[in-house]
Amino acid sequence: MRDLGVGFSYLMQGQRWVFRHGRWFGFGLLPGLVTLVLYAAALAGLVAGADDVTSWATPFADDWSSPWQGLLRGTLTALLFALGLFLAVITFTAVTLLVGQPFYESLSEQVDRTEGGRVPTSDLPLWRELWISARDSLRILLRVAFYGVILFACGFIPVAGQTVVPVIGFCVSGFFLTEELTAVALQRRGVPFGERLALLRARRLRALGFGVPLVLAFLVPFVAVLLMPGAVAGATLMARAMVPEGEAADAAAPGAVAPQSPAAPQSPAAPQPPAAPQSPAAPAGATPPPVHWPEAGREG
């Protein structure tokens, strides 16, 4: 359970980082504002048309008596809106990161720079980065849609559908939200999609501690926009802790050769052969040629 607190602490550190660097906070708000307007319009359309969709999907209930028809269609309308909200929370981050790729890439690099150590940079052109980001986001969305359909169906289970299922839904959302946010920093470190998922599965509680509070906060209008810059900064701090090997690999490659080369001179620490270089002193003392030191040097 300690990892839950560790994940939440990364989220808080990221928010503190952007508030200490106010220029980057404003810089990171722009993509979220654009995406928020688009999503607000989409959710308003869903609210306006949800009743018509449930009526179209349940023609068999047209002849039901008043309490039961309203209860069924009201429940389906609520579940439809909950599913739309669930997908909006996940896709909001994906779309915002896609729209703001150059913004968040720069913000993430700045976090690495201020924290010290190596600052990984991507040498790929922007169109290539956008393509990779869109492709990986689609993979995430397909997984989310799969779990969303299952959870939507489980929502009809009495009691559990109204208690356990929403909790599982928030956990699923939080895990994949963390994956999307850490992808900004991990892509620059050359970590492919499959390995990113494996890293987070190995630290599942840490990912939930980071992502679930964000999912809950994102349910409040406009909060997602305010928290996005700090979420990217916090995810970068988490990525730095998850992949220290990336920094060590570059440091170890030169350093690994260095430790061996000092070790090699020191292992022949008995280079009494370097004592042999004093043989130049022998020519100086060549007057007494029969010295016992050539036989120790040459026969050995």
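What percentage of the 300 residues in the chain is buried? I looked this up before anything else, and buried residues make up 37% of the 300. I note here that the model is predicted.

**Entry: confidence**

I checked the pLDDT next. The chain has a mean of 77, and 80% of its residues reach 70 or more. I then looked for the extremes among the elements. Confidence is highest in helix H1, residues 2-20, at a mean of 92. It is lowest in helix H10, residues 244-266, where the mean is 42. Over residues 246-300 the pLDDT stays under 50. For that stretch I found 14 contacts beyond four places in sequence.

**Entry: fold content**

I counted the secondary structure and got 12 helices and 0 strands. Read along the sequence, the pattern is α-α-α-α-α-α-α-α-α-α-α-α. I also sorted the contacts between residues at least 6 apart in sequence, and 78% of these join residues at least 24 apart. For the accessible surface of the chain I have about 16,100 Å². Carbon and sulfur atoms account for 70% of that surface.

**Entry: aromatic pairs**

I searched the whole structure for aromatic pairs and found 6. One of them is Trp24 with Phe27, with ring centres 5.4 Å apart and planes at 80°, so I logged the pair as edge-to-face; the cut-off for that class is over 60 degrees. Both residues lie in helix H2, 3 residues apart, which is about one turn of the helix. I compared their cover. Trp24 counts as buried because its relative accessibility is 13%, and the limit for buried is under 20%. Phe27 has a relative accessible area of 29%, so I put it down as partly exposed.

Phe146 and Tyr147 are another pair, and their planes stand at 70° with the ring centres 5.5 Å apart, so this pair is edge-to-face. Tyr147 is partly exposed, at 36% relative accessibility. Which residues form one aromatic cluster with Phe146 and Tyr147? I found Phe175 and Phe176 there.

**Entry: surface patch**

I looked for nonpolar side chains on the surface. Leu30, Leu33, Phe222 and Leu226 form a nonpolar patch, and together they have about 320 Å² of accessible area. I took Leu30 as the residue to follow up. Leu30 sits in helix H2, residues 22-57, the helix that holds Trp24 and Phe27. Its relative accessibility is 45%, so Leu30 counts as partly exposed.

**Entry: Gln15**

Is Gln15 buried or exposed? I have it as buried, because its relative accessibility is 8%. Gln15 is found in helix H1, the helix with the highest mean confidence in the chain. Leaving out residues up to four places away in sequence, I listed what Gln15 touches: Leu226, Leu227, Gly230 and Ala231. Leu226 also appears in the nonpolar surface patch.

**Entry: Arg139**

I placed Arg139 in helix H5, residues 126-154. At 32% relative accessibility, Arg139 is partly exposed. How many residues separate Arg139 and Phe193 in sequence? The count is 54, and I computed 9.0 Å between the two in space, C-alpha to C-alpha.

Notes: Residues numbered from 1 in each chain as written. Heavy atoms only, no water. pLDDT = per-residue confidence, 0-100. Helix = DSSP H or I, 4+ residues; strand = E, 2+ residues; numbered from the N terminus. Contact = heavy atoms within 4.5 Å. Patch = residues over 30% accessible without salt bridge, like charges linked within 9 Å, V, L, I, M, F, W, Y side chains within 5 Å. Areas by Shrake-Rupley, 256 points an atom, 1.4 Å probe, with all protein chains shown as cover. Salt bridge = Lys/Arg side-chain N within 4 Å of Asp/Glu carboxyl O. Buried < 20%, exposed > 50% of the residue type's maximum accessible area, 1.4 Å probe, protein only. Phe/Tyr/Trp six-rings, centres within 6.5 Å; stacked < 30°, edge-to-face > 60°.
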